[in-house]
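This report goes through a single protein chain, from its general make-up to the surroundings of chosen residues. Please keep the sequence and the coordinates open while reading.

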Amino acid sequence: MDRKSILILVVCFVLLMLWYPLVNKIFPPIVLPPGATNAPTARVTVTNGATSAPAIPAPPGLSAAPLSPTAFPAEADAPEELLELTNNIARSIFTSRGGGLKQVQLLEYPETVPTRRQKRQGPQDVATLNTPAPAPTLALMDGPAWQGDGRFELTRLENGVQARKLLTNGLEILKTFHLSTNYLLEARVRIENRGTEALALPAQEWVVGTATPMNAQDDGSAVGVMWFNGSSETDISAPWFANKTLGCFPGTPRALYQAGQSNVVWVAVHNQFFTLAAMPQHPALEIIARKLELPHPSGEDALNLPANRPAPLGYQATMVYPGLTLPPGGSIERDIHLFA
């Protein structure tokens, strides 16, 4: 093969690698606004003695845009209660701050695997998911109307944990988590109006979790958020948020990803090897993913790291559900399977 042929092959290969980002830059994909669909609406039931009122469907085509919650309402300095559920392969830790799943420890997988030259010394830290994360799984983002100060009462159940919050307006949020088979948790969220007046409640963002590096040495290149719309998967990671022109030149960074039209079948936050996924019984309205700056490693984790190393990045995913009106005695339930 002469030099001309080699040069043509090299040019063709470069064009092939640049074609997709170049087309997306010149002709960016159009994001359609959420519209009315035939997806199942949330189940709302009303009980008043022996009578039952008709269901109140969520407003059709309601979008949470422009949702911009950035704060988790639970006070960081408030006393935190923790409860654990453990089987032979995983330990799930629940917190009263937000009433959700704070962390999952995968007991069969060490955080780091020693090389052939290294010797395993003492107990090894295990791989964890949702650590460190600003909000637990199935917490509500920026939702004072939904959960007040964000502090829930935890109760241990047989093979499960319950988180309960009763607001002054009569709204009760009850979350139950039960161990299922293997790496599955079964979660149910029940929201009930125990007051005497109808409650008009805003759209909600339910936290799936935060994709974080596995440890201080992980550069975060394999950290991201995935979701499934019923026919195809989408993986959102550092390159999408960096938004570099042609994949290499600096561009305007993105901080938020929002998609879905009542077709969010499941959402997962992942690193290179592990994932935490939420699979609702009925598809969510939208998915939102945010880029977060995580705390700098400290203590032993910071050893041998450059002093000027930037803070690690994580990506928090939430499932959006539309606002609704609950009459006195009205309730809504959502069943969600969690897989870690």
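The sections below describe the chain as a whole, then two strand pairings, then two residues of one strand.

## Overall make-up

The model discussed here is predicted. Its chain contains three helices and 20 strands, and buried residues account for 40% of the 340 residues. The accessible surface of the chain amounts to about 18,700 Å², and carbon and sulfur atoms contribute 57% of that area.

As for how contacts are spread along the sequence, when those between residues at least 6 apart in sequence are taken as the set, 65% of them join residues at least 24 apart.

## An open sheet of four strands

Four strands, in the order β2-β3-β4-β5, form an open sheet in which the pairing is antiparallel. Its edges are β2 (82-86) and β5 (126-129), each of which pairs on one side only, and from one strand to the next the twist averages 25 degrees.

Within this sheet, strand β3, covering residues 90-95, is paired with strand β4, covering residues 100-110, in the antiparallel sense and over six bridges. One position can be followed across this pairing, since F94 has L101 in β4 as its bridge partner. In general, strands of a sheet pair through backbone hydrogen bonds, whether parallel or antiparallel.

## A covered strand and its partner

Strand β11, which spans residues 204-211, is mostly covered, with eight of its eight residues buried. Seven bridges connect β11 to strand β18 (residues 313-321), and the two run antiparallel; in this pairing, the bridge partner of V207 is T318 in β18.

## Two residues of strand β20

Strand β20 comprises residues 330-339 and includes S331. Because its relative accessibility is 3%, which lies under the 20% cut-off, S331 counts as buried. The side chain of S331 makes a polar contact of 3.4 Å with the side chain of R190.

D335 is also placed in strand β20. With a relative accessible area of 18%, D335 is buried, because this value too is under 20%. A polar contact of 2.5 Å links the side chain of D335 to that of R188. Once neighbours within four places in sequence are set aside, the residues in contact with D335 are A187, R188, M279, P280 and Q281, so that R188 appears both in this list and as the partner in the polar contact.

Terms used
Residues are numbered from 1 along each chain as its sequence is written. This is a predicted model: local features need pLDDT of at least 70, side-chain atom pairs count only at pLDDT 80 or more; totals for chains, interfaces and linings use all residues. Side-chain values use heavy atoms; hydrogens and water are left out. Two strands pair if DSSP finds at least two bridges between them. Axes are lines fitted to C-alpha atoms, for helices over the stretch in contact, and angles run from 0 to 180 degrees between N-to-C directions. Buried means under 20% relative accessible area, exposed over 50%, partly exposed in between (1.4 Å probe, protein chains only). A polar contact is a pair of N or O atoms within 3.5 Å; within protein, one must be able to donate a hydrogen and the other to accept it, and residues adjacent in sequence count only if both atoms are side-chain atoms. Contact means heavy atoms within 4.5 Å. Accessible areas come from the Shrake-Rupley method with a 1.4 Å probe; for residues, only the protein chains shown count as cover.
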